[in-house]
Amino acid sequence: MNPRDSDDDRPAAAAAADFAAPQQQQQQPLEWRFAQVFGERAAGEDVQEVDIISAIEFDKSGDHLATGDRGGRVVLFERTDARDHANRSELERQDVPITRHPEFRYKTEFQSHEPEFDYLKSLEIEEKINKIKWCQSANNALFLLSTNDKTIKYWKVQEKKIKQVSVMTLDTSTVGNGATSRASTSTSVPLPNGGCSGKSDGLNGDLLFPPGGYPSLRLPVVTTSQDVNLAARCRRVYAHAHDYHINSISNNSDGETFISADDLRINLWNLEINSQSFNIVDVKPTNMEDLTEVITCAEFHPTHCNTLAYSSSKGSIRLIDLRQSALCDNHSKIFEEHEAPGARSFFTEIIASISDVKFSRDGRYLLSRDYMTLKLWDLNMDSGPVSTFQVHEHLRPRLCDLYENDSIFDKFECCLSGDGRHVATGSYGNLFRVFGSTPGSTEVTTLEASRNPMRRQMSNPNRPTRGTMTSMARGVRRGGENLGVDANGNSLDFSTKLLHLAWHPTENSIACAAANSLYMYYA
């Protein structure tokens, strides 16, 4: 079936009108403020490679946050103002200004993965955490999935009260009616069946038993203290299912299954079964020389358990329906933007590769991130993106330099706000950018991952491209023509990059990673 023949296809104007319908009022730009930082390094302090954060994820409630690092550790944070959350929601409904921002505290951490070595392939497997996904919680326990390049693990984190065995209250100095215990000086050799070869004065020498025995001798008792200890236990390990590096995992809305994707295959797992998985997408050609594109990211639809999307290195996003066939070789829809004639260059395919895909909370829209732009897609309109946001247009003159130092292959993540009105992604110099995604919005905010996020705020930000403007037209709009500065006039620093960030599911709060530091901001 040709995806363009779908009954859901509609003109761009109609889709844009639907997008604008629930959001007619122009929103005021968000004013971002610094909230918290964890793991802030001092000036001149070197960052250890194993401490660099490689994954960030909020749970569905927004009360917990998880980070993974290159050392294979998972660190959990919990919200401390959750008790006031209900009152906060009530105040929001009454349009009462709220001054208190979401606050988190360190909860626990555990070692999720260890470095391994594949002796059959002579391949070192890093412990770096590639992705973290929260699962449904139950019985006051937290569940999450974490993965490195090869192995996925299912973790349960639960508070357990500390149990102790009380000691016997026997005073060995004075017992009974003032009788004194004496240490045995006999030397004896143990024999089979509990016998003893030497003479021991036993009852007569070691301890003088008073009449009636020891009143202070008691049996040991197991006591449960009020102190609690957070214990992380690996429930299941899903291994040996991927020949290539796992780039993404995603939970299904049914709460029972999840997918894992590598460069060429997507597998479907049941959380309760780690011995087998089902291959649902396989793009590996019979002859590897015919390989033209690879899978870069995969994501389940937030509400439709039969729908998932995966992106490719050629800049396309395919929507598949698990009800069609066991092996989803044919997609139900494809979202891609065709390049303008004559605009192709050596770097065209490299910068078109999609590094991240996210569904909006209602499942109506898809947000994709390639090297140069953010694109917002309407699932009912596959002719082109609803909006295109310029992120790295000012770097176009430096693509050769970026290719030489491999920065052009950096994989930046993206995220949407819970209400779908804003999108965000990272950049170089520990900067991240927030765009207003409502029709007609020109809101663009550039923030730095520091205690003063507005320090490098743009004076004349680029407006996001709207509708079906061609790639050629977008290429004219540059953020900064000077090869040594970015769009703000600041010197470029490709060694500091903000790859990972996450938006709180219900509030305007962003968590982002700058090396080993976790910064949080609110608006």
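Modeller: A residue is called buried under 20% relative accessible area, exposed over 50%, and partly exposed in between (1.4 Å probe, protein chains only). The model is predicted: local features need pLDDT of at least 70, side-chain atom pairs count only at pLDDT 80 or more, and totals for chains, interfaces and linings use all residues. Residues are numbered from 1 along each chain as its sequence is written, and side-chain values use heavy atoms, with hydrogens and water left out.

Biologist: How many helices and strands does the secondary structure of the protein chain have?

Modeller: Helices (H or I, at least four residues) and strands (E, at least two) are DSSP runs, numbered from the N terminus. On this basis, the secondary structure of the protein chain comes to 6 helices and 33 strands.

Biologist: What percentage of the residues of the protein chain count as buried?

Modeller: The protein chain has 523 residues. The share of them that counts as buried is 47%.

Biologist: Is His-240 buried or exposed, and what is its relative accessible area?

Modeller: His-240 is found in the loop between strand 13 (222-238) and strand 14 (248-251). Its phi is near 60 degrees, a positive value in a residue other than glycine. Most residues other than glycine have a negative phi. His-240 is exposed, because its relative accessible area is 84%.

Biologist: Where is Asp-406, and what is its relative accessible area?

Modeller: Asp-406 lies in the loop between helix 5 (399-404) and strand 26 (414-416). Phi of Asp-406 is near 70 degrees, a positive value in a residue other than glycine. Asp-406 counts as partly exposed, because its relative accessible area is 47%.

Biologist: In what order do the 4 strands of the open sheet stand?

Modeller: Two strands pair if DSSP finds at least two bridges between them. In this open sheet the pairing is antiparallel. Strand 18 (295-300) and strand 21 (333-335) are the edge strands, each pairing on one side only. The order is 18-19-20-21.

Biologist: By how many degrees are neighbouring strands of this sheet turned against each other on average?

Modeller: Axes are lines fitted to C-alpha atoms, for helices over the stretch in contact, and angles run from 0 to 180 degrees between N-to-C directions. With direction ignored, the average turn between neighbouring strands of this sheet is 20 degrees.

Biologist: Which residue stands opposite Phe-300 in strand 19?

Modeller: Strand 18 and strand 19 (residues 307-312) run antiparallel and are joined by 5 bridges. Opposite Phe-300, in strand 19, stands Leu-308.

Biologist: Why does Glu-299 count as buried?

Modeller: Glu-299 is found in strand 18. It touches residues including Lys-133, Ser-250, Leu-308 and Lys-358, where contact means heavy atoms within 4.5 Å. Glu-299 counts as buried because its relative accessibility is 13%.

Biologist: Which side chain makes a polar contact with the side chain of Asn-267?

Modeller: Asn-267, in strand 16 (residues 265-270), counts as buried at 3% relative accessibility. A polar contact is a pair of N or O atoms within 3.5 Å; within protein, one must be able to donate a hydrogen and the other to accept it, and residues adjacent in sequence count only if both atoms are side-chain atoms. A polar atom of the Asn-267 side chain lies 3.0 Å from the backbone oxygen of Ala-241. The side-chain partner, at 3.3 Å, is Asn-279.

Biologist: How many bridges join strand 10 to strand 13?

Modeller: Strand 9 (residues 141-147) and strand 10 (residues 152-165) pair in the antiparallel sense over 7 bridges, and they form a hairpin with 4 residues between them. Strand 10 also runs antiparallel to strand 13, with Glu-159 opposite Leu-230 in strand 13. The number of bridges joining strand 10 to strand 13 is 13.

Biologist: Which strand supplies the largest share of the largest nonpolar core?

Modeller: A nonpolar core is a set of buried Ala, Val, Leu, Ile, Met, Phe, Trp, Tyr and Cys residues joined through side-chain atoms within 4.5 Å. The largest has 17 residues, and Trp-32, Phe-432 and Trp-503 are among those with the most contacts inside it. Strand 28 (431-436), strand 31 (501-503), strand 32 (509-514) and strand 33 (517-522) each supply at least two residues. The largest share, 3 residues, comes from strand 32.

How values were computed:
Lists of a residue's contacts leave out its neighbours within four places in sequence.
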